[in-house]
Amino acid sequence: QVRLVESGGGLVQAGGSLRLSCAASGRTFSSYGVGWFRQAPGKEREFVARISANGIITAYANSVKGRFTISRNNAKNTMFLQMNSLKPEDTAVYYCAARVVPNTEYDYWGQGTQVTVSS
């Protein structure tokens, strides 16, 4: 069982930056692939970025590529999403998620953190 808790959301002006964190419980965090998703009002949840268990392989949605960077620190059971050059369309609730088996549905989800980008 893994418990995920996001933090770092807030209100920022367009062009600004935020760094989201996701703290995980449990001693097996380093064996999980993890990712970030977001859900804007009235829209479906969408993939943002993911990183492999060993931190080597990353992937991004086209809409954030070049602006967002996902990383993890397995020694501290923590994952990060550095968001730069933020746009109003990045406004959403951001969720971190973890999965045991690569390329399958995510097994564990955090409660979400709100990111609001003003124009």
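Over the ring of which residue does the charged end of Arg45 sit? In this predicted model, the charged end of Arg45 sits over the ring of Trp109, at 3.7 Å from the ring's centre.

## Aromatic rings and charges

Searching the whole structure gives 5 aromatic pairs. In one of them, the ring centres of Phe37 and Phe47 are 5.9 Å apart and the planes meet at 75 degrees, so the pair is classed as edge-to-face. Because Phe37 belongs to strand E4 and Phe47 to strand E5, this pair ties together parts that are 10 residues apart in sequence. Ring pairs link these two residues with Tyr106 and Trp109 into a cluster.

Phe37 has 12% relative accessibility and therefore counts as buried. Phe47, at 26%, counts as partly exposed. Elsewhere, a charge also sits over a ring: the charged end of Arg19 is placed over Phe80, 3.9 Å from the centre of its ring.

## Strand E8 and its partners

Strand E8 covers residues 78-83, and 5 of its 6 residues are buried, so the strand is largely enclosed by the rest of the structure. Strand E3 (residues 18-24) pairs with E8 in the antiparallel sense over 6 bridges. Within E8, Phe80 stands opposite Ser21.

Strand E7 (residues 68-73) also runs antiparallel to E8, and 6 bridges join the two. Here Arg72 stands opposite Met79 of E8. The hairpin formed by E7 and E8 has 4 residues between the strands, and Asn77 in this hairpin adopts a positive phi near 50 degrees.

## The nonpolar core

The largest nonpolar core contains 30 residues, and those with the most contacts inside it are Trp36, Met79, Leu81, Met83 and Tyr94. Among the elements that give two or more residues to this core are E3, E7, E8, strand E9 (92-99) and strand E11 (113-118).

Leu81 shows how such contacts reach across the chain. Setting aside residues up to four places away in sequence, Leu81 touches ten named positions, including Leu18, Leu20, Trp36, Val48, Phe68, Ile70 and Tyr94.

## Met83

Met83 lies in strand E8. What is its relative accessibility, and does this make Met83 buried or exposed? The value is 0%, so Met83 counts as buried, the cut-off being under 20%.

Apart from neighbours within four places in sequence, Met83 is in contact with residues that include Gly16, Leu18, Leu20, Phe68, Tyr94 and Val115. The C-alpha atoms of Met83 and Gln114 are separated by 13 Å, and these residues are 31 places apart along the chain.

Notes. Residues numbered from 1 in each chain as written. Predicted model: local features only at pLDDT ≥ 70, side-chain atom pairs only at ≥ 80, totals over all residues. Heavy atoms only, no water. Buried < 20%, exposed > 50% of the residue type's maximum accessible area, 1.4 Å probe, protein only. Pairing = 2+ DSSP bridges. Contact = heavy atoms within 4.5 Å. Core = buried A, V, L, I, M, F, W, Y, C linked by side-chain atoms within 4.5 Å. Phe/Tyr/Trp six-rings, centres within 6.5 Å; stacked < 30°, edge-to-face > 60°. Lys NZ or Arg CZ within 6 Å of the ring centre and 35° of its normal.
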